[in-house]
Amino acid sequence: MPAPTALIDFIAPVEGASRERLAFFDPLTVLQTRRLDEVPSVLERVEAEARRGRWCVGFVAYEAAPAFDAGMAVHPADGPLVWFAVFDQAHPWPMPPDLPYEPLSWNGGIDRTAFERAIDRIHAAIADGEVYQINFTAPWRSAFAGDPRGLFHALHRAQPDGYAAYLDAG
């Protein structure tokens, strides 16, 4: 069996529903774009495939926001704005193989002083009614060597409660 293109593990959205723990291999096609003006048409094609009963597994990047609201300011995208692999069928989640990878050594982020200043600005913006929510993030990077599925399975074992996805988008 080939390596999976996608693995998903989503807990049941409503009580009594079953957990979705599925694997996807060999997509029929991949629908993607790096251009803002193509985002709506690519998503229309994804929806058309889903209405045909196909499985569409992928993502819409935060950087695609201006395609929906021109007033949204984003940083330039490092990859596709939209990426969906289209599959005829889902398969059972395979037993995770023991795939090697090197330990990660994270660097980056921000120091404590800069973090506290940013949080103070966020609190002020919320208090002033400028925004009601901010998802505050900071970039962390690490070199990686090994099989990415090995890292995914290790992370999934550490946090096994669902809402996990592995996508091989190349």
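## A tour from D26 to the pocket

Select D26: this residue lies in the loop between β2 (20-24) and β3. Helices (H or I, at least four residues) and strands (E, at least two) are DSSP runs, numbered from the N terminus. The model is predicted: local features need pLDDT of at least 70 and side-chain atom pairs count only at pLDDT 80 or more, whereas totals for chains, interfaces and linings use all residues. Residues are numbered from 1 along each chain as its sequence is written, and side-chain values use heavy atoms, with hydrogens and water left out.

Stay on D26 and check its backbone. Phi is near 45°, a positive value in a residue other than glycine. D26 has 55% relative accessibility, so it counts as exposed. The classes are buried (under 20% relative accessible area), exposed (over 50%) and partly exposed (in between), with a 1.4 Å probe and protein chains only.

**Stop 1: T5**

Move to T5, in the segment before β1 (6-10). Is T5 buried or exposed? T5 is buried, at a relative accessible area of 12%. Now show its contacts (heavy atoms within 4.5 Å). Neighbours within four places in sequence are left aside. D26 is one of the partners of T5, together with F24, F25 and P27. Others are W83, A85 and F87, then Y166, L167 and D168.

**Stop 2: the whole chain**

Zoom out. The chain has 3 helices and 9 strands. From the N terminus on, the order is β-β-β-α-β-β-β-β-α-β-α-β. Along the principal axes, the C-alpha atoms fill a box of roughly 55 × 40 × 35 Å. Of the 170 residues, 26% count as buried. Take the contacts with a separation of 6 or more: 71% of them join residues 24 or more positions apart.

**Stop 3: helix α1**

Select residues 39-51, which form helix α1. The helix has 13 residues and reaches 18 Å from its first C-alpha to its last, close to the 18 Å expected at 1.5 Å a residue. The expected span is 1.5 Å times one less than the number of residues. Which residues of α1 are buried? They are V39, V42, V46 and E49. Look down the axis: the buried residues of α1 fall within an arc of 90°, so they line one face of the helix. The arc is that of the directions from the helix axis to the C-beta atoms. On the other side of α1, E44 and R51 are exposed.

Next, colour the strands over the buried residues of α1. What covers them includes β3 (29-33), β4 (55-60) and β5 (82-87).

Pick V39, in α1. V39 is buried, with a relative accessible area of 0%. Draw a line from V39 to V82: their C-alpha atoms are separated by 6.6 Å, while their positions lie 43 residues apart along the chain. Not counting residues up to four places away in sequence, V39 touches T33, A64, A67, F68, L81 and V82.

Step to G53, just after α1. This residue takes a positive phi of about 95°.

**Stop 4: helix α2**

Select residues 112-127, helix α2. Its 16 residues should span 22 Å at 1.5 Å a residue, and its end C-alpha atoms are 22 Å apart, which agrees. A118, I122 and A125 are its buried residues. Seen down the axis of α2, these buried residues fall within an arc of 65°, so they line one face of the helix. The face turned away from the buried side carries the exposed residues R112, D120 and A127.

Add I119, also in α2. I119 is partly exposed, at 23% relative accessible area. I119 and I134 are 15 residues apart in sequence and 9.9 Å apart in space, C-alpha to C-alpha.

**Stop 5: N135 and the pocket**

Go to N135, in the loop between α2 and β8 (140-141). N135 is exposed, with a relative accessible area of 58%. Its C-alpha is 9.6 Å from that of I122, 13 residues apart in sequence.

Now bring up the largest pocket, with a volume of about 820 Å³. Of the 16 residues that line the largest pocket, the closest to its centre are Y62, E63, H75, N135 and T137. On a 1 Å grid over the protein atoms alone, a pocket is an open set of points where a 1.4 Å probe fits, with protein on both sides within 12 Å along at least five of seven lines; lining residues have an atom within 4 Å of a point. Points are joined across faces, edges and corners, and the volume is the space filled by probe spheres set on them.

Colour the lining by class: 9 nonpolar, 4 polar and 3 charged. Ala, Val, Leu, Ile, Met, Phe, Trp, Tyr, Cys and Pro count as nonpolar, Asp, Glu, Lys and Arg as charged, and the others, Gly among them, as polar.
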